[in-house]
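Visitor: Could we go through some helix packing and the cysteines together?

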Amino acid sequence: MSDTRNPNYLDRVVDREVAEALASSPAVLIEGPRGCGKTWTGQSFANSEVFLDGSEALRIAAEVDPDSILEGEEPRLLDEWQLIRGIWNPMRHACDRRGGFGHFILTGSQNPPDDITEHSGAGRVARVRMRPMSLWESGDSSGEVSLASLLAGERCLARDVEQTYSSVASLICRGGWPRMIKMAPNTAQARLRDYLDNITRTDISRVSGINRDPQLVGTLLASLARNEATAASCATLIEDMAGEDGSPPARSTIRAYLDELTRLFVLEPLPAWTTHLRSSARLRKSPKRFFADPALAVAALAASAGSVAQDKEALGLLFESMAIRDLRVYAQSLGAHVYYYGDSNDLEADAVIEGLDGQWAAVEIKLGSGEAIDKAMESLRAVRSQIDTTRRGEPARLIVLTAFGHGYQTDDGIAVVPLTALKP
């Protein structure tokens, strides 16, 4: 790490991934939503830096002579690199000329159009996805149980966590934004409403190059928030968004907005898991829609920690969203991916973690305890019975993530883990 590392920097789960990428790739691209900490992480590894969103004069100079911003002590951080359309190819060529690894760190809060990266950078650029902070990173998880240990079949044990509906709502509403983790939840929500306002007024038009209707984008964000953690179809969103005169927005417009919000990393859809089944049941294919952080869903609805705590149905869906955020962070560090399972027999698993070696684990996420956990276990056992394990292999673990209680495991090995006790 750089000697100029911010003394207030909180370690991130992706730090190891970035370090490994710098040691084995000429350049590393850290991408994720604006404000999730990409720049701070990039600075912690860089020995020189240039901020392309800080000066119009600098951007103009870089457009005219892209090579001019590539010179500097390595690794060199190019922050918000996508603002300079012509920088990608000169950066690639510089990597080729210099040979070796660890020349550049690029950070970006939007996934640029394909024409910018038409030469993909394969073999030159390692991509690292960064997300808002998990509860482990923000210091809100004890880390008594690691996801890696669960997948390895180790015993699950964690002390009882003293959570209430109000404290869970506070964690959700504050979110995982590094600058906000010490803020009161409603203060963080005020800043996140500003964040979404910038998205609707400026960022979504910038990423598409087309002027977008801020009011329609805001209406779409509110509809997405009402349908957080569901596989709501485009038709469902359009019906939800119909104006007072009953006139719905065009399907093509909504599809374009959804694509742009995904490219801005505001949304991160959860894909459906594909596998072999014992029965003739059909697997669902549509992704579930999630905000990058559940705090954004709350902000899109202009809600508060108090109102979220009182609405148990909404709180349950938002807790699921927070758990998916954390699982994605932890699974990525293990080289795994997160999906969801759903079939035509209405069997579901909120998450399926699949490793590079084909190892898999099914997860149910429950806000409540007692009967809710029992039902979650029954659901996981039913899902396991549907999977053709002769072709897919037995699950490494069945896991119930909860908001309350202690961590333990059943006689048949199902792990029950409070989210505030989990780490990678």
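Guide: The chat below covers helix contacts and then cysteines. This is a predicted model, in which local features need pLDDT of at least 70, side-chain atom pairs count only at pLDDT 80 or more, and totals for chains, interfaces and linings use all residues. Residues are numbered from 1 along each chain as its sequence is written, and side-chain values use heavy atoms, with hydrogens and water left out.

Visitor: At what angle do α7 and α8 pack?

Guide: Helix α7 (residues 185-208) and helix α8 (residues 214-226) pack at about 135°, their axes 9 Å apart. α7 is therefore oblique to α8 (neither under 35 degrees, nor over 145, nor 65 to 115).

Visitor: Which residues make that contact?

Guide: From α7 they are Leu196, Thr200, Arg201 and Ile204, and from α8 Pro214, Val217, Gly218 and Leu221 (contact means heavy atoms within 4.5 Å). By class, the contact of α7 with α8 has 5 nonpolar, 2 polar and 1 charged.

Visitor: And how do α7 and α10 pack?

Guide: Helix α10 (residues 251-263) packs with α7 at about 90°, with the axes 10 Å apart. That makes α7 roughly perpendicular to α10. Ile199, Ile204, Val207 and Ser208 of α7 meet Tyr257, Glu260, Leu261 and Arg263 of α10 in this contact.

Visitor: Changing topic, how many disulfides are found?

Guide: The search of the whole structure finds 0 disulfides (a disulfide is a pair of cysteine sulfur atoms within 2.5 Å).

Visitor: Is cysteine 156 buried or exposed?

Guide: Cysteine 156 counts as buried because its relative accessibility is 1% (buried means under 20% relative accessible area, with a 1.4 Å probe and protein chains only). Cysteine 234, at 7% relative accessibility, also counts as buried.

Terms used
Axes fitted to C-alpha atoms, helices over the stretch in contact; angles between N-to-C directions. Helix = DSSP H or I, 4+ residues; strand = E, 2+ residues; numbered from the N terminus. Nonpolar A, V, L, I, M, F, W, Y, C, P; charged D, E, K, R; others polar. Buried < 20%, exposed > 50% of the residue type's maximum accessible area, 1.4 Å probe, protein only.
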